[in-house]
Amino acid sequence: MSDPGPKPTIAYQHLYVDEGGGSRFAACELADFDLKGVGPADPQWNDGQERGEATVVFTVQPVGWVGDWHENPAPQWIVVLSGRWWIEAMDGTRIEQGPGDISFGGDQGCVAADGRQGHRSGTIGDEPCRLMTVQLHRDPVRRPCGLS
């Protein structure tokens with residue numbers, strides 16, 4: 001095996017609920033990687049997450065799709081497979097994501113304010129947005145970047 005290089009990080013956006021009950025984003029990183037082999041394969045970098053029950057859901061959001069104010073159904077990892085989409089938090093911050101971008105939706109239990117609760121989201125461009133979500137069956141984390 002060649003030199004695996006320095007310990008990696010993977011960026012993600014964390015949509016969480018702040019102390020006031022509003023949703024906001026934090027730019028975070030997965031950074032707890034260990035170099036391990038899997039069977040006879042060369043070692044690879046792994047950042048193992050908390051073990052627990054999960055549900056995987058694939059979604060296809062049509063061109064022009066908009067999801068008005070709502071909370072994520074469960075704390076969940078969201079991976080963009082193809083297409084583009086945007087997500088807007090209650091504080092007005094809006095991010096855009098494309099293929100390979102990941103986020104963590106942990107905005108359950110927001111306090112409604114000015115007609116907003118949770119987040120809004122929608123597709124960008126002239127192709128559907130395909131997402132893979134991994135819904136975790138656990139309580140949400142109410143602090144930014146508290147997942148790694």
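Is Cys-110 buried or exposed? In this predicted model, Cys-110 is buried, with a relative accessible area of 6%. The strands are described before the cysteines are taken up again.

Six strands form an open sheet in the order E2-E1-E10-E7-E12-E5, and the pairing in this sheet is mixed. Its edges are strand E2, covering residues 23-30, and strand E5, covering residues 54-61; each of these pairs on one side only. On average, neighbouring strands of the sheet are turned by 25° against each other, with direction ignored. At the E5 edge, the partner is strand E12, residues 129-136, which runs antiparallel to E5 and is joined to E5 by 8 bridges. Within this pair of strands, Thr-55 stands opposite Gln-135 of E12.

A further open sheet consists of 4 strands, ordered E6-E11-E8-E9, with antiparallel pairing. Strand E6 (66-70) and strand E9 (94-97) are the edge strands, each pairing on one side only. From one strand to the next, the twist averages 15°. The edge strand E6 pairs with strand E11, residues 119-124, in the antiparallel sense over 3 bridges. In this pairing, Val-66 has Gly-122 of E11 as its bridge partner.

The structure holds 1 disulfide. A disulfide is a covalent bond between the sulfur atoms of two cysteines. Here the bond is formed by Cys-28 and Cys-145, whose sulfur atoms are 2.0 Å apart. The link of Cys-28 and Cys-145 is left-handed, with -80° about the S-S bond. Because Cys-28 lies in strand E2 and Cys-145 in the segment after E12, the pair ties together parts that are 117 residues apart in sequence. Strand E2, which holds Cys-28, is an edge strand of the sheet of 6 strands.

The two ends of the disulfide fall into separate accessibility classes. Cys-28 is buried, at a relative accessible area of 4%, whereas Cys-145 is partly exposed, at 28%. The cut-off for buried is under 20% relative accessible area, so the 28% of Cys-145 lies outside that class.

Cys-110 and Cys-129 are also buried: Cys-110 has a relative accessible area of 6%, and Cys-129 has a relative accessibility of 0%. For Cys-110, the closest cysteine sulfur is that of Cys-28, at 16 Å, which is too far for a bond. A disulfide requires cysteine sulfur atoms within 2.5 Å, and the sulfur atoms of Cys-28 and Cys-145, 2.0 Å apart, meet this cut-off.

Note on methods: Residues are numbered from 1 along each chain as its sequence is written. This is a predicted model: local features need pLDDT of at least 70, side-chain atom pairs count only at pLDDT 80 or more; totals for chains, interfaces and linings use all residues. Side-chain values use heavy atoms; hydrogens and water are left out. Two strands pair if DSSP finds at least two bridges between them. Helices (H or I, at least four residues) and strands (E, at least two) are DSSP runs, numbered from the N terminus. Axes are lines fitted to C-alpha atoms, for helices over the stretch in contact, and angles run from 0 to 180 degrees between N-to-C directions. Buried means under 20% relative accessible area, exposed over 50%, partly exposed in between (1.4 Å probe, protein chains only).
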